[in-house]
Amino acid sequence: AFFPHVQHYARSLPSALRDLGVDVEVVADETESAGAGAPSLSILKRAHLIPSRASGFVKSARYLADFDLVHTQGGMNSLTAVASKKLYGTRFVMTEHCCPSPDIEPLGVNSFFETAEFQSLKPVSERASQVVTISEYAKQALMKRNGVEAKVIYHGVDQELFNPSVDGSSVRKELGIEDGEALVLWASRLTPLKDPVTFVKAAGMVATKVPGSRFLILGSGPLKKQIEREGMNLIKERRL
């Protein structure tokens with residue numbers, strides 16, 4: 001049983017497991033759970049998104065007991081699996097993509113759920129068969145900040161899409177970027193947790209040392225206007 005996270009992860013990992021002959025069932029609607037905003041909130045919805053034969057928290061836990069393994073993502077999203085573990089001995093693996101940082105998020109709903117996620121990690125990890133994270137940095141952060149021991153399993157890469165032979169000339173032409181110009185890409189949510197402001201500041205430093213370098217930001221979020229202002233200031237200063 002697979003609890004989704006971001007859209008590409010929710011689609012790619014179950015697909016790869018199925019290719020290996022594993023019977024995988026996604027236990028929530030991908031479009032519901034993949035929407036950015038407050039992913040930790042989705043556990044409040046998912047208890048009722050698990051197929052109609054299971055409704056409510058306890059019945060959802062019973063439903064998960066029929067699987068050999070449940071894969072959850074994040075402490076809050078693991079609560080149903082924790083209940084299933086306690087009631088039926090269900091094994092579950094939890095992936096934490098990085099260490100929650102309520103100290104970085106602004107006040108409001110994101111800060112609330114980051115705090116809940118932060119506080120849930122330790123007790124949930126003690127009940128999981130294994131905790132997985134995606135980088136050595138995240139592993140060290142989880143141990144330092146939460147006392148959680150994790151195993152690193154890096155994200156896979158689709159080599160048909162990402163390899164040196166892929167021709168990006170059409171994209172460069174569309175963006176008005178010459179072949180000889182170095183292009184640096186940022187693709188992420190524009191939130192304090194991701195810190196895109198540092199990327200913009202670094203871009204100004206790099207541009208002074210690498211003439212002709214170009215920088216592209218893909219993403220949206222509460223820091224979008226600030227990023228636009230920072231970028232315009234660099235352009236006015238002739239640093240970009």
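Helices H9 and H10 run roughly parallel to each other (an angle under 35 degrees; 65 to 115 would be roughly perpendicular). In this predicted model, where local features need pLDDT of at least 70, side-chain atom pairs count only at pLDDT 80 or more, and totals for chains, interfaces and linings use all residues. Numbering starts from 1 along each chain as its sequence is written, and side-chain values use heavy atoms, with hydrogens and water left out.

Helices here are DSSP runs (H or I, at least four residues), strands likewise (E, at least two), numbered from the N terminus. Axes are lines fitted to C-alpha atoms, for helices over the stretch in contact, with angles from 0 to 180 degrees between N-to-C directions. Here are the two helix pairs side by side.

| Pair | Axes come within | Crossing angle, roughly |
|---|---|---|
| H9 (residues 196-209) and H10 (residues 224-236) | 10 Å | 10° |
| H4 and H5 | 8 Å | 70° |

So H4 sits roughly perpendicular to H5. On the H4 side, Phe57, Val58, Ser60, Ala61, Arg62 and Leu64 make contact (heavy atoms within 4.5 Å) with H5 residues that include Leu79, Ala81 and Tyr88. By class, that contact has 9 nonpolar, 3 polar and 1 charged residues. Back at the other pair, Pro196, Val197, Val200 and Gly204 of H9 meet Gln226, Ile227, Glu230, Gly231 and Leu234 of H10.

Now for the inside. The largest nonpolar core (buried Ala, Val, Leu, Ile, Met, Phe, Trp, Tyr and Cys residues joined through side-chain atoms within 4.5 Å) has 20 residues, and Leu64, Val70 and Phe92 have the most contacts inside it. At least two residues of this core come from each of H4 (57-64), H5 (79-88), strand S2 (92-95), H6 (109-125) and H7 (136-146). A second, separate core of 8 residues includes Trp186, Val197, Phe199 and Leu223.

Phe92 touches plenty beyond its neighbours within four places in sequence, including Leu69, Val70, Ala81, Val82 and Val124.

H7 has two faces worth a look. Its buried residues (under 20% relative accessible area, with exposed over 50% and partly exposed in between, 1.4 Å probe, protein chains only) are Ala138, Ala141, Leu142 and Asn146. They cover an arc of only 100° around the axis (taken from the directions from the helix axis to the C-beta atoms), so they lie on the same side of H7. Tyr137, Gln140 and Lys144 are exposed on the face turned away from that buried side. Just after H7, Gly147 takes a positive phi of about 70°.

How values were computed
Parallel < 35°, antiparallel > 145°, perpendicular 65-115°, else oblique. Nonpolar A, V, L, I, M, F, W, Y, C, P; charged D, E, K, R; others polar.
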